[in-house]
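Subject: Two-chain model for your files

Hello,

Please find the model below, with the sequence alongside. My notes come after it.

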Amino acid sequence: MRNEMTLVRTQKLFKYFNVSGGLLDQLSVQNGRLKRQVDLVKALNGIDLSVHSGEVLCLVGESGCGKTTVGRTIMGLLPPSSGEISYRGERIDHLSRSRLLPYRQKMQMIFQNSYASLNPRKTVSATLLEPVRFHNPRHSTAELKEKVKEVMESVGIDPKWGARYSHEISGGQRQRISIARALMVDPEFIVADEPISALDVSIQAQILNLLGDAREQRGLTYLFITHDLSVVEHFGTRVAVMYLGRICEVGKTSEIFGAPRHPYTQALLSAIPKLGKQKSPHIRMRGEVPTAIDLPSGCVFHNRCAHAKEICKTDVPELKNESSEAQVACHGIEHSWF
Amino acid sequence: MTEQVLLVRRNIWHRVQNSAMYYSFVHNRTAMVSAAIVFTYVLLAVLAPLIAPYNPWDLTQFDIMDSEIPPIGSVEADSRFMLGTDAMGRDMLSAMLYGTGISILIGVFATCLQLVLGVSIGLIAGYFGGRLDSFLMRVADIQLSFTTLMVAIVVLALFQATVGLRLYEEFAIVAIVLVIGLAEWPQYARTVRACVLAAKKQEYVDAARVIGLHPFTIIYRHILPNTFSPLLVISTVQVANAIITEASLSFLGLGMPVTKPSLGSLIQNGFHYVFSGSWWITTLPAITLVILIVAINLLGDWLRDVLNPKIYN
């Protein structure tokens, strides 16, 4: 029986980045008047997302749509511009570093670039010892080392490799060590930010299996950020599709892959190359992704959507329950005009 | 226990021998020769009280009758004074051995002060960014717009005028170290800040933040170690710069006093006698200084090439 409890939840999460530089760069003279213009990249525009305990929620979307920003904001690496993030019902987005420490043990992150995510000046065991020693200062060094050994074995790394530096190890092994570092503090929830995109295909499968095993053994919950749809189909229990900083559609993997509702999801899934049978024709989208500095009004997808009507240009669609599991943000589906 | 220590030592030596730096050092004659020269200078300076024939700081040992004796090789040379004597009858060899020590001491301590100040300011400015960063970097710009020599001349002249010559002679070395150290910290601060900005974007810093480490722990354990290579290069150049600055100040009469001369004050001291034929009093310390500075700079050049993976020659 699966526990449907909500572990992590974001509500109306907004994140804007200021890209206009310093004060002097913002000032310009227009029509003889001094004007200050601030350019904001609107990376997240009201993200409502719930991660249930024990599931793998895959966050998909094209590059630049804000997937990574969601992960980093949830982990507290970026402060949200507005909105709430809660963990097991407790709000965590406004906590200070020291009050956040208990949550740091529960929530960990795995990064995309295994090269950059390990400090080149530290040995493997020093990297792994750091988090567990920080969170358990009273434990003896022998106990901590035992723990390091145990976790290294569980991710398939020979504990003898502890004395090596990260540049002496291959990419796949390095990613195993990144995973081990996240597992050191026995977390419940892991944000995996494209953990396999930088690896070659044979290694991708190994790392994916490792993540799957870790989930089974430790009862982990993942927020799995990726753009690889075949991985999502294989690995995810639920999928959230993002476009320009908004969630278009959330639902069970089988449901979304079987019958996508949102026009963007339909277009995205039709882009998966399939062998043999030509079941669904490729949906071509008009135009290009608008810039996140100058967001379209209303539905962010309206200027590329084949079904768009007047209301799409003015009103922002909310995520609405379509079935017990799936939610869609689309006026067309809400008013069932297609 | 002892075996373990030995094993660790052997490991470190093993690692050094296997490093690219060691290989490059052994295969680069310029680096080996300049390192040997610098090492010899330091050794001679440290051992000066033991190997110098006279104590150049003890005025009672001078005899005015021994003044301006040329170095051996000349007709009037005296076997007691291998490199001759100056106008006070002071043995040049002893004075130069002690003077080298003072010059190196000032160079090293002034650089240490710059290092501590510049690295802390650079780390803080780079890591925390924003207004603090802008403020600290503008202060650095202002500091850089005054040349070190100008600041040093003003400060030391004021210091000399207020405390009087006798006290000045006693505290000259401290004053010079402070002035050179305080005037040149932006060199370090700027480089370290640039390194921090690059390192801060790396995912291992994000990983450390996700662990929940304190910002200062992250700076100290994760960012600082990755700035060591450029620091090493700047430090060699800065030691040479500080020695030259001190020599220039001494030449202007604002550096080390004649009673406790550095290489710079020896050059200045002998400069008056060049045209009367006593060339060695100024030339010998000058050559000593030039060789030291060139050797340090060549060592710095080699370090820069070795630690920069983009340049392979």
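The notes below cover confidence, the sheet and hairpin of chain A, one glycine, the contact between the chains, and the core.

This is a predicted model, in which local features need pLDDT of at least 70 and side-chain atom pairs count only at pLDDT 80 or more, while totals for chains, interfaces and linings use all residues. Residues are numbered from 1 along each chain as its sequence is written, and chains are lettered from A and ligands numbered from 1 in the order in which they are written.

Confidence

The model scores ipTM 0.87 and pTM 0.80. For chain A the mean pLDDT (the predictor's confidence in each residue, from 0 to 100) is 87, with 97% of residues at 70 or more. Chain B has a mean of 86, and 95% of its residues reach 70 or more. Helices and strands here are DSSP runs numbered from the N terminus (helices H or I, at least four residues; strands E, at least two). In chain A, confidence is lowest in helix α1 (residues 23–26), at a mean of 78, and highest in strand β10 (residues 221–225), at 94. In chain B the lowest value belongs to helix α1 (residues 2–18), at a mean of 65, and the highest to α4(B), at 92. Where pLDDT is low, the predicted coordinates should not be read in detail.

Sheet and hairpin in chain A

Four strands of chain A form an open sheet in the order β4-β1-β6-β7, with antiparallel pairing; two strands pair if DSSP finds at least two bridges between them. Its edge strands are β4 (40–52) and β7 (90–91), each of which pairs on one side only. Inside the sheet, β1 (residues 6–18) and β6 (residues 82–87) of chain A are joined by 5 bridges, and A:Thr10 has A:Ile85 as its bridge partner in β6(A).

Strands β2 (residues 27–30) and β3 (residues 33–36) of chain A pair antiparallel over 4 bridges, with A:Leu27 opposite A:Arg36. These two strands make a hairpin with 2 residues between them, and A:Asn31 in the turn has a positive phi of about 55°.

A:Gly46

A:Gly46 lies in strand β4 of chain A. Is A:Gly46 buried or exposed? A:Gly46 is partly exposed, because 19 other C-beta atoms lie within 10 Å; 20 or more would count as buried, 12 or fewer as exposed, and anything in between as partly exposed, with C-beta atoms placed from the backbone. Beyond four places in sequence, A:Gly46 is in contact (C-beta atoms, placed from the backbone, within 7 Å) with A:Lys12, A:Leu13, A:Phe14 and A:Arg246.

Contact between the chains

The contact takes 19 residues from chain A and 13 from chain B. On the side of chain B, helix α9 (residues 203–211) gives the most, with 7 residues.

Core and buried helix

The largest nonpolar core (buried Ala, Val, Leu, Ile, Met, Phe, Trp, Tyr and Cys residues joined through C-beta atoms within 7 Å) has 155 residues, and A:Leu59, A:Ala180 and A:Phe224 have the most contacts inside it. α4(B) gives the most to this core, with 17 residues. A:Ala180 touches A:Leu128, A:Val151, A:Met152, A:Val155 and A:Ile157, leaving out residues up to four places away in sequence.

In chain B, helix α12 (residues 263–271) has 8 of its 9 residues buried. The buried residues of α12(B) pack against α4 (92–128), α11 (228–251) and α13 (280–307) of chain B.

Regards

Methods:
Two residues are in contact if their C-beta atoms, placed from the backbone, lie within 7 Å.
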